[in-house]
Amino acid sequence: MQRRFMTLPRHIQEGEKLHPEATGELSAILNQMGLAAKVISLEVNKAGLVDIIGFTGDKNVHGEQVKKLDMFAHDIIIRALDHTGHFCVMASEEEEDIIHIPEKHKIGKYVILFDPLDGSSNIDANVSIGTIFSVYKRITPDDGQPGTLEDCLQPGVKQVAAGYIVYGSSTIFVYTAGHGVHGFTLDPAFGEFLLSHENIESPPVGNIYSLNEGNYKYWHPGLKKYIKHLQAWDNSKKPYKARYIGSMVADIHRNLFYGGIFMYPGDKRNPNGKLRLMYECNPMAFIVESAGGKATDGNGKRILEYQPNDLHQRVPIYIGSKEDVELVEKFISEEEVVEKD
Ligand code: P6P
């Protein structure tokens with residue numbers, strides 16, 4: 001089939017036609033995130049050059065303040081969104097409190113929460129990193145007044161769109177607005193995201209598992225048994241492959257295509273694990289579930305059904321191919337935790 005010259009804006013616009021009630025605002029939001037992604041991608045891809053092309057520690061050759069890359073990404077996203085009139089409030093991994101829309105800008109009906117650059121500690125090793133975002137409609141009255149923390153603390157099932165961008169060997173923008181999951185690859189020659197993966201579907205089962213095995217000692221005994229099961233050589237199956245980049249977006253993106261499971265479990269030291277519910281786990285869970293996968297806390301509770309009580313709360317996450325998530329939950333449920341003194 002001839003590959004249609006389908007850009008991100010055109011695909012979003014065509015998706016909007018499926019909803020007569022659509023006002024075009026959500027489309028505009030997704031397009032603005034695409035713009036922010038292009039700017040961040042440009043900076044991420046030359047970050048390794050910062051020391052080489054003579055940018056000094058604090059001031060670059062243009063006399064601009066050289067920011068940490070994740071703060072740079074945070075600022076770019078806010079500047080791409082805060083003037084659009086689509087939002088009543090925003091929240092970022094980089095800000096403790098909610099982010100108000102400047103008074104000079106119109107207040108809108110949407111809410112966005114984002115992790116501007118997840119895995120940024122990997123950038124010096126040129127490892128793939130990512131941006132993650134999650135979009136809701138406000139729940140306080142749409143009366144032109146600023147949004148509140150209540151508008152931000154909604155369960156993941158209320159998301160109207162979610163997406164991530166992986167800055168890797170190429171820059172890929174993946175989003176869902178509840179009707180399929182679609183991937184776009186940035187063509188740097190003319191700065192457009194072109195449709196490269198339409199209607200992404202999670203393989204029902206994979207042969208990859210991704211988690212930090214350095215925490216083995218503190219795991220639930222059922223998880224220990226599960227991992228040993230995956231590693232076993234027996235007649236029923238070949239061992240799974242261990243693949244762990246240490247960058248959530250990259251690990252989940254790979255498993256979405258190849259099949260497999262990513263886990264950041266709670267353990268004896270950190271019962272809620274490490275990853276954040278609102279701007280990491282919820283958007284990734286919305287995307288993976290929309291592709292036919294599964295995302296839970298390891299005890300049968302969907303990530304998307306967590307009622308948040310804090311902007312930065314953490315949650316254990318088991319996410320990926322449906323049968324893989326169901327199997328690890330079976331191992332966990334069958335193994336009692338024996339509290340040792
Ligand atoms: P650990 C990156 O710092 C991150 O937030 C996620 O992207 C990644 O999956 C996780 O932490 C890695 O954590 O403890 O394995 O280094």
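At 44% relative accessibility, V157 counts as partly exposed. V157 sits in the loop that joins α4 (149–152) to β5 (161–167). Leaving aside residues up to four places away in sequence, V157 touches R302, L304 and E305. N270 lies 113 residues from V157 along the chain, and the C-alpha atoms of the two are separated by 25 Å.

These statements, like those that follow, concern a predicted model, and its confidence values deserve attention before the details are read. The mean pLDDT of the protein chain is 91, and 91% of its residues reach 70 or more. Over residues 52–56, however, pLDDT stays under 50. For this stretch the model has six contacts beyond four places in sequence. Where pLDDT is low, the predicted coordinates should not be read in detail.

The ligand is the next point of interest. The residues around the ligand are D118, G119, N212, Y244, G246, S247, M248, F262, Y264, K274 and L275. Sorted by class, this shell has five nonpolar, four polar and two charged residues. Polar atoms of the protein lie beside oxygen atoms of the ligand in several places. A polar side-chain atom of D118 is 2.4 Å from a ligand oxygen, and a polar side-chain atom of Y264 is 2.6 Å from a ligand oxygen. In the case of M248, a polar backbone atom is involved, at 2.7 Å from an oxygen atom of the ligand. On its own the ligand has 400 Å² of accessible area, of which the protein covers 80%.

One of the residues around the ligand, S247, merits a description of its own. S247 is found in the loop between β10 (241–242) and α6 (248–258). Is S247 buried or exposed? Its relative accessibility is 0%, and S247 therefore counts as buried, the limit for that class being under 20%. The side chain of S247 reaches the backbone oxygen of S128 at a distance of 2.8 Å. Beyond four places in sequence, S247 touches D118, G119, N122, S128 and I129. Of these partners, D118 and G119 are also listed among the residues around the ligand.

The loop between β3 (110–118) and β4 (129–137) holds N126. With a relative accessible area of 71%, N126 is exposed, because the threshold for that class is over 50%. The backbone of N126 is notable as well: its phi is near 60°, a positive value in a residue other than glycine. Most residues other than glycine have a negative phi. A positive phi is also found at N199, near 50°, and N199 is likewise a residue other than glycine. N199 lies in the loop between β8 (192–197) and β9 (208–210), and at 44% relative accessibility it counts as partly exposed.

Attention now turns to residues within helices and strands. Strand β6 (residues 171–176) contains V174, which is buried, with a relative accessible area of 0%. The contacts of V174 beyond four places in sequence are A162, G163, Y164, V181, H182, G183, I200, H253 and I287. D267 is 93 residues from V174 along the chain, and their C-alpha atoms are separated by 30 Å.

I287, one of the residues that V174 touches, is among the buried residues of α7. How is helix α7 (residues 277–290) placed with respect to the rest of the structure? Of its 14 residues, 12 are buried, so the helix is largely enclosed by the rest of the structure. The buried residues are L277, M278, Y279, E280, C281, N282, P283, M284, A285, F286, I287 and V288. In an α-helix there are 3.6 residues a turn, so residues three or four places apart point the same way. After α7 comes G292, which has a positive phi, near 95°.

Helix α2 (residues 25–47) is the location of A28. At 25% relative accessibility, A28 counts as partly exposed. A28 and F184 are 156 residues apart in sequence, while their C-alpha atoms are 17 Å apart in space.

Key: Residues are numbered from 1 along each chain as its sequence is written. Side-chain values use heavy atoms; hydrogens and water are left out. Helices (H or I, at least four residues) and strands (E, at least two) are DSSP runs, numbered from the N terminus. Buried means under 20% relative accessible area, exposed over 50%, partly exposed in between (1.4 Å probe, protein chains only). Contact means heavy atoms within 4.5 Å. A residue is near a molecule or strand if one of its heavy atoms lies within 4 Å of it. A polar contact is a pair of N or O atoms within 3.5 Å; within protein, one must be able to donate a hydrogen and the other to accept it, and residues adjacent in sequence count only if both atoms are side-chain atoms. Accessible areas come from the Shrake-Rupley method with a 1.4 Å probe; for residues, only the protein chains shown count as cover. Ala, Val, Leu, Ile, Met, Phe, Trp, Tyr, Cys and Pro count as nonpolar, Asp, Glu, Lys and Arg as charged, and the others, Gly among them, as polar. pLDDT is the predictor's confidence in each residue, from 0 to 100.
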